[in-house]
Amino acid sequence: MVDDILATVKFYNDDIKKHIGYDRFKDLVIALGMDIESSDDASITIDITPNRPDLLDFVGFMRAIKFIDEGEKPREYLLASSAPIKKLKVTERVKGVRPFIEAFEVRGADLSGNRLQYLINFTEKIGDTYGRRRKKLAIGLHDMDAIKGNLEYDATASARFMPLDSELEQDFNDIIKKHPKGIEYAHALAKKGNAAKAYPFLKDQEKILAMVPIINSNATKITEKTKNLFIDITGTDEKAIHDVAGIFTCSFIDSGAKVFNVDIEYGKKKAAKPLLQYRHIAINLNKVLARLGIAIAKNDMPQLLSRMGYGSSYENGKFTVVVPPYRVDVLNWQDVVEDIAIAIGYDAIEPKPIYSMAHGIPSLFTSLKDNISNLMIGMDFFESINTYLTNETNDFEKMQRKLDANSSVRIEYSKTEAYSILRQRLLPSLMQDLSASAHEKMPQKLFEIGSIFKVEHGNAVESTALAIVSEHSKANFAEVKGYVEALLDRMQIEYSFCDSDDPAFIAGRCLGIMTGKRIIGVFGEMHPQVLNNFKLEEPVVAAEITLLEDMKYLEGLE
């Protein structure tokens with residue numbers, strides 16, 4: 001099973017025990033650098049780092065577990081040797097909508113037990129994270145025995161077919177407006193001009209197989225009894241589609257199935273897809289030793305590389321590392337060194353002191369932050385430290401603030417929607433912290449001093465801010481006003497309060513903070529809708545203040 005935006009997967013204990021002891025499995029999950037979110041007698045839920053989409057699959061995860069546990073030699077992934085069975089024609093009409101597609105056939109698949117559920121969850125999680133909620137790419141699963149003849153990938157303004165788990169035919173336009181999947185994923189087809197009027201779809205010689213990337217046809221629904229599958233991967237990013245095709249192909253081969261090419265025709269161009277491409281990275285042993293700071297014998301390197309799924313050879317003082325097709329996260333030799341460290345175990349790498357002839361002293365601004373921290377701790381607040389990375393949903397939508405895409409520092413080629421921008425405010429992170437600790441005893445009082453980011457005049461600007469939250473049944477405006485006044489007095493600056501219309505707070509129960517003519521913050525009672533968005537049941541009061549280094553309060557610390 002999968003969880004909202006986060007790369008979280010659930011595996012069942014009985015399936016795990018078929019491969020390895022359960023306690024040993026949990027130890028190796030941690031050794032791989034993953035976190036166990038929860039576990040019980042039936043299943044275990046694991047947080048997967050966004051850079052390892054291959055581990056979102058049960059087969060892929062168990063492959064990594066076996067490598068790091070046994071260090072067995074990696075296999076060679078080969079497609080079935082016979083000529084492609086199916087052909088797929090791509091029309092010109094999809095160019096402005098969703099131009100790229102790869103497809104392949106799987107024969108002899110075993111979808112019994114929980115395997116079908118794992119496959120569907122893997123497909124959905126890849127589409128929602130790596131595929132940007134299907135906008136960048138999406139995967140379709142079909143029963144190949146229900147497909148007649150060759151296929152065509154086309155686009156049209158209107159057509160009818162019977163969606164998955166439906167007994168009635170529906171028009172494309174109705175599906176977009178009324179079907180739950182159409183409403184959820186309509187954004188994946190958001191285009192301008194004439195392209196906005198065309199919906200991409202996949203069909204065989206008799207019928208429509210899918211409205212891409214919204215929903216498949218009920219005619220090709222897969223079940224636990226399905227043995228032969230047709231897999232299509234469509235999207236707007238050709239490289240990402242190729243990478244995901246490699247991940248799925250390797251997973252099916254590891255599960256014992258055979259994978260066959262599909263001939264894809266783009267106008268006059270023809271290509272057999274997918275292509276399983278291995279990459280080779282040269283790595284110098286001395287660089288590895290210098291980077292990790294530990295001694296590694298040359299003869300130990302092949303075994304360490306095998307424990308992370310790499311093949312290798314040694315010649316002329318360098319190792320050539322063979323990167324398998326499913327390791328789309330490996331870009332250069334530094335990535336390989338990181339995996340070597342994981343294979344060794346970070347606990348086995350002893351920290352070393354940093355020697356320096358220089359002696360530093362805290363800057364005035366650092367002293368200010370330390371003083372504020374001490375004050376907050378004295379008022380029974382706990383310090384929270386959150387990542388700079390966030391997403392539009394948390395930073396804007398849940399706080400009822402209007403999204404300004406031009407002011408956000410965006411993460412290019414982000415691996416997951418959970419981390420798509422740098423945060424503009426601290427409060428959303430603290431609200432998320434309260435949500436995560438909702439089961440803890442009240443009151444919950446948190447503060448954070450950290451960096452926030454914004455685009456101004458075309459440049460990314462980093463600032464420092466302070467935010468506080470207090471959650472309990474009697475939290476009110478007078479409480480947070482007292483905290484803010486204590487903070488501002490400690491800063492030794494002249495300040496005043498002004499009206500604020502920040503939608504994150506209750507109107508009339510919040511104020512802005514000014515120094516001179518500059519607004520530097522806001523405080524008050526959080527809006528009930530914001531509490532509901534973060535699934536908080538108790539009232540919350542909060543404040544956020546931008547700490548500007550040119551303020552006069554620094555003079556009081558000299």
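**Exercise 1. Empty space inside**

Task: How many cavities of 30 Å³ or more does a search of the whole structure find, and which residues line the largest cavity?

Solution: Start with the count: searching the whole structure turns up 5 cavities of 30 Å³ or more. Keep in mind that you're looking at a predicted model. Next, the idea behind the search: rolling a probe the size of a water molecule over the atoms shows where empty space is left. Now take the largest cavity, which has a volume of about 60 Å³. Its lining is made up of Leu32, Arg52, Asp54, Gly60, Arg63, Ala64, Phe67, Met308, Gly309, Tyr326 and Arg327.

**Exercise 2. An open pocket**

Task: Which element gives the largest share of the lining of the second largest pocket?

Solution: First get a feel for the space: about 800 Å³ lies in this second largest pocket. Then look at its lining, which has 28 residues; nearest the centre are Gln424, Arg425, Lys454, Ile519 and Thr546. Now sort by element: β22 (444–456), β23 (459–471), β24 (496–499), β26 (518–526) and β27 (540–547) each give two or more residues to the lining. The largest share comes from β26, with 5 residues.

**Exercise 3. A sheet near the start of the numbering**

Task: What is the order of the strands in the open sheet of 3 strands, and which are the edge strands?

Solution: Trace the strands across the sheet and you get β1-β3-β2, with antiparallel pairing. The edges are β1 (8–12) and β2 (35–39), since each of them pairs on one side only. Neighbouring strands are turned by 25° against each other on average, if you ignore direction. Now zoom in on one pair: β1 and β3 (residues 43–47) run antiparallel and are joined by 5 bridges. To find your place there, look for Lys10, which stands opposite Thr45 in β3.

**Exercise 4. One face of a helix**

Task: Why do the buried residues of α2 line one face of the helix?

Solution: Pick out the buried residues of α2 (residues 22–31): Tyr22, Phe25, Leu28 and Val29. Look down the axis of α2, and these buried residues fall within an arc of 115°, so they line one face. Here's the general rule: an α-helix has 3.6 residues a turn, so residues three or four places apart point the same way. And what covers the buried residues of α2? The cover includes α1 (13–17), β2, β3 and α3 (58–70). Step just past the end of α2 and you meet Gly33, with a positive phi of about 95°.

**Exercise 5. Unusual backbone angles**

Task: Where are Arg134 and Asp380 found, and is each of them buried or exposed?

Solution: Begin with the background: most residues other than glycine have a negative phi, and most peptide bonds are trans. Arg134 has a positive phi, near 75°. You'll find Arg134 in the loop between α4 (115–128) and β6 (137–143). Its relative accessibility is 13%, and buried means under 20%, so Arg134 counts as buried. Asp380 also has a positive phi, near 70°, and sits in the loop between α11 (364–378) and β19 (382–383). With a relative accessible area of 56%, Asp380 is exposed.

**Exercise 6. Cis peptide bonds**

Task: In which loops do Pro274 and Pro443 lie?

Solution: Go through them one by one. The bond from Lys273 to Pro274 is cis, with omega near 0°, and Pro274 lies in the loop between β15 (269–273) and β16 (279–284). Met442 and Pro443 are joined by a cis peptide bond too, with omega about 0°. Pro443 is in the loop between α13 (427–436) and β22.

Definitions and conventions
Residues numbered from 1 in each chain as written. Predicted model: local features only at pLDDT ≥ 70, side-chain atom pairs only at ≥ 80, totals over all residues. Heavy atoms only, no water. Pairing = 2+ DSSP bridges. Helix = DSSP H or I, 4+ residues; strand = E, 2+ residues; numbered from the N terminus. Axes fitted to C-alpha atoms, helices over the stretch in contact; angles between N-to-C directions. Buried < 20%, exposed > 50% of the residue type's maximum accessible area, 1.4 Å probe, protein only. Arc of directions from axis to C-beta. Contact = heavy atoms within 4.5 Å. 1 Å grid on protein atoms, 1.4 Å probe; cavity = no way out; pocket = protein on both sides within 12 Å on 5 of 7 lines; lining within 4 Å. Points joined across faces, edges and corners; volume = space filled by probe spheres on them.
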